[in-house]
Amino acid sequence: KGLEPEVLQELCKPINEQQGYVESSNLLDVPDEKVNWVNDVERLIYVSCGFDALARDCDALVASPSGWMIESVVGYILFPGSDHVETVCIFSRNLNRE
């Protein structure tokens, strides 16, 4: 299945260096569509049981202006005897905040 479209869209937004931290009470007065709710996220751990969805979401994240880079990818066989592989993909990005 992969990430919900709304979540993927939010994760693909470019970092807004002018926006305060998401925990800031100043954002309570700003309309939701103008806030990047994942602006402070530096690491994303994506666990997938479907390779097609993982590939689609990885392509979208890495190609987006959000700065995501793949740090590591590991496959795990949790069901011996099957052809099913769980994949853990770690993404990171530099927020350039001082």
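Here a visitor asks a guide about a predicted model and how its labels are earned.

Visitor: Why is Asp 57 called buried?
Guide: Buried means under 20% relative accessible area. Asp 57 has 0%, so the label buried fits.

Visitor: What makes Lys 1 exposed?
Guide: The word exposed is kept for values over 50%. Lys 1 has a relative accessible area of 76%, so Lys 1 is called exposed.

Visitor: And why is Phe 79 called partly exposed?
Guide: Partly exposed covers what lies between under 20% and over 50%. Phe 79 has a relative accessible area of 46%, and therefore counts as partly exposed. You will find Phe 79 in the loop between β2 and β3.

Visitor: What surface feature does Phe 79 help to make?
Guide: Together with Val 74, Tyr 76 and Leu 78, Phe 79 makes a nonpolar surface patch of about 390 Å².

Visitor: How do you know that the length of helix α2 agrees with what a helix should span?
Guide: Helix α2 runs over residues 51-63, which is 13 residues. At 1.5 Å a residue the helix should span 18 Å, and its end C-alpha atoms are 18 Å apart, so the two values agree.

Visitor: Which residues of α2 are buried?
Guide: They are Ala 53, Leu 54, Asp 57, Cys 58 and Leu 61. These residues cover an arc of only 130° around the axis, so they sit on the same side of α2. Here is the background: an α-helix has 3.6 residues a turn, so residues three or four places apart point the same way.

Visitor: What covers that buried side, and what does the opposite face carry?
Guide: The cover over the buried residues of α2 includes α1, β1, β2 and β3. On the face turned away from the buried side are the exposed residues Phe 51, Asp 52, Asp 59 and Ala 63.

Visitor: What does Leu 8 of helix α1 touch?
Guide: Setting aside neighbours within four places in sequence, Leu 8 is in contact with Leu 3, Asp 57, Ala 60 and Leu 61. Leu 8 and Asp 57 are 49 residues apart along the chain, yet their C-alpha atoms are separated by 7.4 Å.

Visitor: Why is Leu 8 counted as buried?
Guide: The cut-off is under 20%. Leu 8 has 15% relative accessibility, so Leu 8 passes as buried.

Visitor: What makes the pair Lys 1 and Glu 4 a salt bridge?
Guide: A side-chain nitrogen of Lys or Arg must be within 4 Å of a carboxyl oxygen of Asp or Glu. For Lys 1 and Glu 4 the N to O distance is 2.7 Å, so the pair meets the definition. In general, side chains of opposite charge can pair when their charged atoms come close.

Visitor: How many salt bridges does the structure hold?
Guide: There are four. Among them is the pair Lys 13 and Glu 10, at 3.2 Å from N to O. Another joins Asp 57 and Arg 56, with a distance of 3.2 Å.

Visitor: Is Arg 56 buried, exposed or partly exposed?
Guide: Arg 56 has a relative accessible area of 43%, so Arg 56 is partly exposed, whereas its partner Asp 57 is buried at 0%.

Visitor: Where is Asn 39, and why is Asn 39 called buried?
Guide: Asn 39 belongs to the loop between α1 and β1. Its relative accessibility is 0%, so Asn 39 counts as buried.

Definitions and conventions. Residues are numbered from 1 along each chain as its sequence is written. This is a predicted model: local features need pLDDT of at least 70, side-chain atom pairs count only at pLDDT 80 or more; totals for chains, interfaces and linings use all residues. Side-chain values use heavy atoms; hydrogens and water are left out. Helices (H or I, at least four residues) and strands (E, at least two) are DSSP runs, numbered from the N terminus. The expected span of a helix is 1.5 Å times one less than its number of residues. Buried means under 20% relative accessible area, exposed over 50%, partly exposed in between (1.4 Å probe, protein chains only). The arc is that of the directions from the helix axis to the C-beta atoms. Contact means heavy atoms within 4.5 Å. Patches are made of residues with over 30% relative accessible area and no salt bridge: like charges are joined within 9 Å, nonpolar side chains (Val, Leu, Ile, Met, Phe, Trp, Tyr) within 5 Å. Accessible areas come from the Shrake-Rupley method with a 1.4 Å probe; for residues, only the protein chains shown count as cover.
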